[in-house]
Amino acid sequence: MTNSSTVSIRICQEGHANALALNKDCTQIAVAGRSLLKVFSIESDCFTEVCNMRGGKNQNLSYSSNDVAWSYLEPNILATAATNGVVSVWDLSKFGRQKQLLVYNEHERTAHSVTFHPTEANFLISGSQDGTIKCFDTRIDKGAIITYFSNSESVRDVKFSPHSPNTFAAVSENGTVQIWDIRRAEKCTTQFTAHSGPIYTCDWHPTQQWLATGSRDKQIKVWNMGSKALLEHTIHTIAVVGRVKWRPDKTYHIASCALVVDYSIYIWDVRRPFIPYASFNEHTNVTTGIGWKGDPYSLLSTSKDSTIYKHCFRDAQRPSQLANPQGASINFRGDVLYAYKAKVPPPIAASTSKTSLLSSRSKPPTKTDNFHLAKSNLQNYVTKNDPDNLEKELPHLSPMREYLCFKGCAEDYQLIGKSLSELCEHNVNVAKKYGKVHVAMLWMWVKNLYANSLNNNMKSEPRTSTSGSNLLGSRLMSQASNQSTIVWEEIGGSRDDDESSKLKPDDQNILEQTSGDFPGNVQPRIAYPPVNDAENDGSFNDFIFGDQELTIEHMDCVKNLRNGFLYVGPHLCKEWSLPNSPLIGSDLHAAKHETPPESSQETTPPPHPPNLIKMTSMPYVPFWEPHDVIADCLMLQADIGDVQTSVSILIALGEKRNDLPIDKSVHENWLQSYIELLHRYQMWNEAAEIMNLSWIPSICMINEQSTAVYTNCGLCGKHLTNRAGWFCSKCRTADASKCSVCHTIVRGLYAWCQVCSHGGHLEHLQDWFAANSYCPICGHVCEYE
């Protein structure tokens, strides 16, 4: 371990490096970026700039590099892949602009990767966004000597095998890996689908026949490339994988960095793929390039923070030592899962020779040496069921029954095309059909709450208290007019039935109570306001005082307002009547309409005034709004794993779902989860319908992604890029459109193998593969389902 400290240097003020490369002796490092191409000498405690190849006015796109490679045999030869598709060869021994030795403008689009041949100093290859791989001879400056067509939209990385110098691997954005022989350009030797998303990087193991690939699906896969590509290990990362690099002298260790989001560099042990063996967290932005400095204890890296770091392995963090070794989870049925660390004894090495008792003992293995031996146990505690109901509970909890219920509801639910009432009624029957009684009740509740005109016009609004200052003419008082009003009136004697029968029709709502414990002869009279909305169009003053309007500005006759009660003097009851008032007795209706003179009005209340009092404010009784309750129900369904019901109700509600207090991000999460479940059960039509009915733009665009289908000629393997159907511009024929079984042109549905490119009528291929497992043309073992 010669380099024992972590050092760094800021390499550029204007931009950052996209890639790095080390020379054969690992004493110099080349970094390349959009506005950067420099060479640094690696010292024990610092970096020293050796050469800057972007000095002066060299600002064209040929200098804007995506990748850089150092020749394995020539110490002064570099190659760069530029964003405009140019591949440049540089000679560090020359001066000025003569350093750019060769410029190859062969690619039509961005060049992503470049690498030199490990044994032929004059050969290098590059992969481009145009889907081609070019092989260049540095002794020829006219262009590429060989072109390889990958039948993919983009080639992201190319690497030569250290075990077979003429073999290189190419990874593409369609998730495939191709193994090529540099001497055979017509067709790749091996092709297989490695990831479900674009592959951005690959690296050959220095001692094993292993190829590591990193993809957008956040996985690093290790493939055994012996006789046939076999998946050996899978590492699960937390972000899109941008670079991978095997660790020297450590068979099972590999380094990786993320393409976005994550800034750290991780060292993985492929035997324990779910937690990193070590990590370096010095960078403050995304890491763009990594490389080992000839030994397993020094790692070099570049980042978008415009720095180069030389990491010492002893300074690395160990995430496994900080991780919680146990955990628990509980589901809605009450079942508990408990995981905990298991003690694993270290392996005992067999002694090869007899040693004396006084001889020194061998050094015990450290925790890091036994990192891959970590194991954990999982305990499942199931809620105890009643033995009498065990037979009834087991079918309810069976996975098959849950699957059938999910599939049946997804197929039978109606979410659009009818009124909300009809949709809810239909879905109630569907839920009952599959035994989901609680879901049927929820659908019925939605129907009762949202399918009528009252709740259709109801909107969520803040609830505010009502004071006496805003009673007059307010909406709240129109609601309060439905409340009962209690009026106490002093009655001198019993009222005749004839007088009671003389009440107007509007006064029929007045109810007299003649029983109860009240002081003296005071009898309570309860007066109810009219029910007809047409009669309630007036203000609150009309409700109390009939046709006469009483406002604060004109209350000359009212002298006291005490403790919330309105006192009305005796002159109001004796000398000033209020005609057509439903609150005053019939003897007040018989009074004359006169205004008492000023001198006759009393300034103080009499000793025994009539007990006519009225509340000045009416209690506010708001409408009950079901939005919060429905939102809680949908959240509960999602929490117990029934996201299907939550999404279906949201779709059926239409624009009314905006009234529910549920964030749009929750909507998007539910929709994505439901679509993922439908895809898992291969219910493609139902998933597409949910995407089309979605109101979230990101969900609607899911079925617009990855819609391109790439075909190639079955004779020469060339990618069919023209618009002439199955016509191959290289073979000058359309024989690729013929059926491999009947040898006639296929009209209609065409099925083909993406590896050997042979196909034909779907019915003919079904009959063929029912009895055979190989291609009828070339004998390739096609994967047919």
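A residue is called buried when its relative accessible area is under 20%, exposed when that area is over 50%, and partly exposed in between. The model described here is a predicted one, and Val260 offers a first example of how these terms apply: because its relative accessibility is 38%, Val260 counts as partly exposed. Val260 sits in the loop between strand 23 (253-258) and strand 24 (265-269), and together with Leu259 and Val261 it makes a nonpolar surface patch of about 260 Å².

Turning to the chain as a whole, 17 helices and 38 strands are found in it, and 44% of its 785 residues are buried. The chain exposes about 43200 Å², of which carbon and sulfur atoms supply 51%. Of the contacts between residues at least 6 apart in sequence, 50% join residues that are at least 24 apart.

One sheet can be followed strand by strand. Strands of a sheet pair through backbone hydrogen bonds, in either a parallel or an antiparallel way. The sheet in question is open, has 4 strands in the order 10-11-12-13, and shows antiparallel pairing. Its two edge strands, each of which pairs on one side only, are listed below.

| Edge strand | Residues |
|---|---|
| Strand 10 | residues 111-116 |
| Strand 13 | residues 146-149 |

On average, and with direction ignored, neighbouring strands of this sheet are turned by 20° against each other. Strand 12, which covers residues 132-137, runs antiparallel to strand 13 and is joined to it by 4 bridges; Thr132 has Phe149 of strand 13 as its bridge partner.

Conventions: Residues numbered from 1 in each chain as written. Predicted model: local features only at pLDDT ≥ 70, side-chain atom pairs only at ≥ 80, totals over all residues. Heavy atoms only, no water. Patch = residues over 30% accessible without salt bridge, like charges linked within 9 Å, V, L, I, M, F, W, Y side chains within 5 Å. Areas by Shrake-Rupley, 256 points an atom, 1.4 Å probe, with all protein chains shown as cover. Salt bridge = Lys/Arg side-chain N within 4 Å of Asp/Glu carboxyl O. Buried < 20%, exposed > 50% of the residue type's maximum accessible area, 1.4 Å probe, protein only. Contact = heavy atoms within 4.5 Å. Pairing = 2+ DSSP bridges. Axes fitted to C-alpha atoms, helices over the stretch in contact; angles between N-to-C directions.
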